[in-house]
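Student: Please choose a single part of this model and look at it closely with me. I would like one connected account rather than a list.

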Amino acid sequence: MFEDLKEFAKENNVPIIKDEGLEVLLSEINANSYKSVLEIGCAIGYSSIVMAKTYGVDITTIERNSEMYNLAISNISKYNLEDKIEVVFTDALEYVPKRMYDLIFIDAAKAQNIKFFERFEPFLNDGGSIIVDNLDFHGLTEEDPSKLSKNLRSLTRKIREFIEYLKGRDDYNTIFTHKGDGMSISKKK
Ligand code: SAH
Ligand code: MG
């Protein structure tokens, strides 16, 4: 299942979540019987489609790129999930959610993770989780910074700053995993 989406992503260099990362998301939903998800960074709708198909969760997912947005809309209709997934075409840094969610999945511009976290945490239900993807950033956060281009150096520094920021958030219990491309799972204390 979903091989068409995976194939498309591979051919078009769309950075969809890895199988192992998806397992982290799915097991978090299953273990806590979560019913709703706010996703930041939809791309072609792959992660949303898998979560909605597997556990029937209601999803709001945000995408600012029109090409990605249109692909997501058509993929969601192909999988008959129009009633489960709402795609909002906007910049997440300008979006104000209209409801509360059990799970917030942050998977958008990697330098903006602190902003996304602070913007959306007020919309997390009690007992909910915030999961952030790509904290290993293809292994580059562990790389000697002097070996990286200026842009990558700045990006990996931002990701390391975000990891430190999360560690400092004493109001959350955060687990870090190297599964997939590295993820954090934060639960409010
Ligand atoms: N969650 C998807 C992959 C998302 S890739 C999956 O695993 O299947 C990251 C996406 O986030 C890209 O499509 C990019 O356009 C989008 N994005 C990045 N910054 C954003 C922002 N500020 N607001 C909305 N979308 C953003
Ligand atoms: Mg990702």
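Tutor: Two strands count as paired if DSSP finds at least two bridges between them, the strands (E, at least two residues) and helices (H or I, at least four) being DSSP runs numbered from the N terminus. This is a predicted model, in which local features need pLDDT of at least 70 and side-chain atom pairs 80 or more, while totals for chains, interfaces and linings use all residues. Residues are numbered from 1 along each chain as written, chains are lettered from A and ligands numbered from 1 in the order written, and side-chain values use heavy atoms, without hydrogens and water.

The part to follow is strand β5 (residues 124-133), together with the sheet around it and the metal site at its end. Seven of the ten residues of β5 are buried (under 20% relative accessible area with a 1.4 Å probe, protein chains only; over 50% is exposed, and values in between are partly exposed), so the strand is largely enclosed by the rest of the structure.

On one side, β5 runs parallel to strand β4 (residues 101-106), to which five bridges join it, and within this pair Ile 104 stands opposite Ile 130 of β5. Between these two strands the chain passes through helix α5 (residues 113-120), making a right-handed β-α-β crossover (with the strands pointing away from the viewer, the path from the first strand over the helix to the second runs clockwise). On the other side, the partner is strand β7 (residues 183-188), again joined to β5 by five bridges, although here the two strands run antiparallel. Met 183 of β7 is the bridge partner of Asp 133.

Asp 133 also leads to the metal site, since the magnesium ion (ligand 2) is coordinated by Asp 107 (OD), Asp 133 (OD) and Asn 134 (OD1) at 2.1 to 2.2 Å. Donors are N, O and S atoms within 2.8 Å of the metal (3.2 Å for Na, K and Ca), and water is not among the atoms, so a site may look incomplete. Along the chain, the donors of this ion follow the spacing D-x25-D-N. Asp 133 counts as buried because its relative accessibility is 3%, and Asn 134 counts as buried at 11%.

Seen as a whole, the open sheet that contains β5 has seven strands in the order β3-β2-β1-β4-β5-β7-β6, with mixed pairing. Its edges are β3 (85-89) and β6 (172-177), each of which has a single partner strand, so one side of each is left without a neighbour in the sheet.

From β4 the sheet continues to strand β1 (residues 36-40), which is parallel to β4 and joined to it by four bridges, with Ile 40 standing opposite Ile 106 of β4. β1 in turn pairs in the parallel sense with β2 over five bridges, and Val 37 stands opposite Ile 59 of β2 in that pair. The connection from β1 to β2 goes through α3, and this β-α-β crossover is right-handed. Strand β2 (residues 58-63) is itself mostly covered, five of its six residues being buried. Five bridges then link β2 to the parallel strand β3, where Val 88 stands opposite Ile 62. Here, too, the β-α-β unit is right-handed, formed by β2, helix α4 (residues 66-78) and β3.
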